[in-house]
Amino acid sequence: MKIICIGRNYREHARELNNPVPDEPLVFMKPESALLLNNRPFFIPEFSNNLHHELELVVRINRLGKHIDHNFAHRYYNQITLGIDFTARDLQDRLRAEGKPWEISKGFDGSAVLAHLINRDTLPDPGNIHFHLDINGQTVQRGRSSEMLFDIDTLIAYASKFFTLKIGDLIYTGTPAGVGPVRINDHLEAYLEGEKLIDMLVK
Ligand code: ZN
């Protein structure tokens with residue numbers, strides 16, 4: 001399986017990092033070894049002093065597809081959940097300034113937190129889902145899928161132009177504003193429509 005991630009998919013988040021708002025989806029990948037499951041603790045890697053949380057909606061692909069038409073894209077996923085795209089921001093900034101690929105700042109072990117999957121049918125409109133992240137009881141990120149620059153169907157159609165989508169592939173759909181550093185002993189709790197899906201510690 002593969003993990004497809006979308007950058008700068010919320011206007012306010014692009015602005016907070018002084019990035020331009022993209023006119024097409026910005027795609028990168030993480031390897032399967034990045035997955036961190038079952039609310040296991042996240043260990044801050046020694047190569048970063050500015051490790052950021054990015055809370056995101058994640059969809060799981062449930063059928064094989066290539067060149068998927070936007071009108072049919074909704075048939076290619078039936079489960080959704082929350083994930084955290086952990087990012088070594090200092091490393092990413094340095095690599096980007098040097099014009100190098102920044103894969104290692106995003107794809108390292110444990111950088112893709114994934115909560116348990118929820119059937120899409122049990123949720124209200126996937127185009128209008130609320131989610132938020134609390135750290136030590138304080139809400140730091142709040143998102144609403146309706147605020148995505150490119151919606152889920154658009155992301156599926158776009159990604160499938162380049163990559164054959166397979167059953168089990170994940171798409172991390174981008175983070176809303178409010179990203180920031182995590183520190184040792186932080187307690188992260190994330191909610192999808194009020195249901196707590198992530199409850200984990202930073203070590
Ligand atoms: Zn992200």
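## Close-up views of a predicted model

**View 1. E193 and N39, two loop residues with positive phi.** E193 sits in the loop that runs between strand 14 (187–192) and strand 15 (195–201). Please keep in mind that this is a predicted model. The phi angle of E193 is near 50°, a positive value in a residue other than glycine. With a relative accessible area of 32%, E193 is partly exposed. N39 makes a good companion here: its phi is also positive, at about 55°, although N39 is not a glycine. N39 belongs to the loop between strand 3 and strand 4. Its relative accessible area is 35%, so N39 counts as partly exposed.

**View 2. The zinc ion and its three donor residues, E54, E56 and D85.** Carboxylate oxygens coordinate the zinc ion: OE of E54, OE of E56 and OD of D85, at 1.9 to 2.1 Å. How are the donor residues spaced in sequence? The pattern reads E-x1-E-x28-D. Two of these donors come from distant parts of the chain, with E54 in the loop between strand 4 and strand 5 and D85 in strand 6, 31 residues apart. Are E54 and D85 buried or exposed? E54 has a relative accessible area of 4%, so it is buried. D85 is buried too, with a relative accessible area of 1%.

**View 3. K106 and its contact with the zinc donor D85.** K106 is part of helix 3 (residues 103–107). Although lysine carries a charged side chain in many drawings, the point to check here is accessibility: K106 is buried, at 3% relative accessible area. The side chain of K106 makes a polar contact with the side chain of D85 at 2.9 Å. Beyond four places in sequence, K106 touches F28, K30, E54, D85, F86, T87, R89, Q92 and S111. The zinc donors E54 and D85 are thus among the residues that K106 touches.

**View 4. H52 and its side-chain polar contacts.** H52 has its place in strand 4. At 8% relative accessibility, H52 counts as buried. Which side chains make polar contacts with the side chain of H52? One is N50, at 3.2 Å. The other is R89, at 3.0 Å. Leaving out residues up to four places away in sequence, H52 touches D85, F86, T87, R89, V179, G180 and P181. The bridge partner of H52 in strand 13 is P181.

**View 5. An open sheet of 3 strands.** The strands follow the order 7-4-13, and their pairing is antiparallel. Strand 7 (87–88) and strand 13 (180–181) stand at the edges with a single partner strand each, so one side of each has no neighbour in the sheet. Strand 4 (residues 51–53) pairs with strand 13 over 2 bridges, in the antiparallel sense. As a reminder for anyone tracing the backbone, strands of a sheet pair through backbone hydrogen bonds, either parallel or antiparallel.

**View 6. F42 and F86 in a cluster of aromatic rings.** The structure holds 6 aromatic pairs. In the pair shown, the ring centres of F42 and F86 are 3.8 Å apart and their planes are at 15°, so the rings are stacked. This pair joins distant parts of the chain: F42 lies in the loop between strand 3 (35–36) and strand 4, while F86 lies in the loop between strand 6 (77–85) and strand 7, 44 residues apart. Both F42 and F86 are buried. Widen the view and ring pairs link F42, F47, F86 and F108 into a cluster.

**View 7. Two arginines over tyrosine rings.** The charged end of R63 sits over the ring of Y76, at 5.2 Å from the ring centre. R120 lies over the face of Y77, and here the distance from the ring centre is 4.4 Å.

**View 8. Helix 4 and what covers it.** Helix 4 (residues 152–162) is mostly covered, with 8 of its 11 residues buried. Which residues of helix 4 are buried? They are I152, D153, L155, I156, A157, Y158, A159 and S160. What covers these buried residues includes strand 1 (3–7), strand 2 (26–30), strand 5 (55–61), strand 6 and strand 12 (170–172).

Terms used
Residues are numbered from 1 along each chain as its sequence is written. This is a predicted model: local features need pLDDT of at least 70, side-chain atom pairs count only at pLDDT 80 or more; totals for chains, interfaces and linings use all residues. Side-chain values use heavy atoms; hydrogens and water are left out. Two strands pair if DSSP finds at least two bridges between them. Helices (H or I, at least four residues) and strands (E, at least two) are DSSP runs, numbered from the N terminus. Rings of Phe, Tyr and Trp (its six-membered ring) pair if their centres lie within 6.5 Å; planes under 30 degrees apart count as stacked, over 60 as edge-to-face and the rest as tilted. Buried means under 20% relative accessible area, exposed over 50%, partly exposed in between (1.4 Å probe, protein chains only). A charge sits over a ring if NZ of Lys or CZ of Arg is within 6 Å of the ring centre and within 35 degrees of the ring normal. Contact means heavy atoms within 4.5 Å. Donors are N, O and S atoms within 2.8 Å of the metal (3.2 Å for Na, K and Ca); water is not among the atoms, so sites may look incomplete. A polar contact is a pair of N or O atoms within 3.5 Å; within protein, one must be able to donate a hydrogen and the other to accept it, and residues adjacent in sequence count only if both atoms are side-chain atoms.
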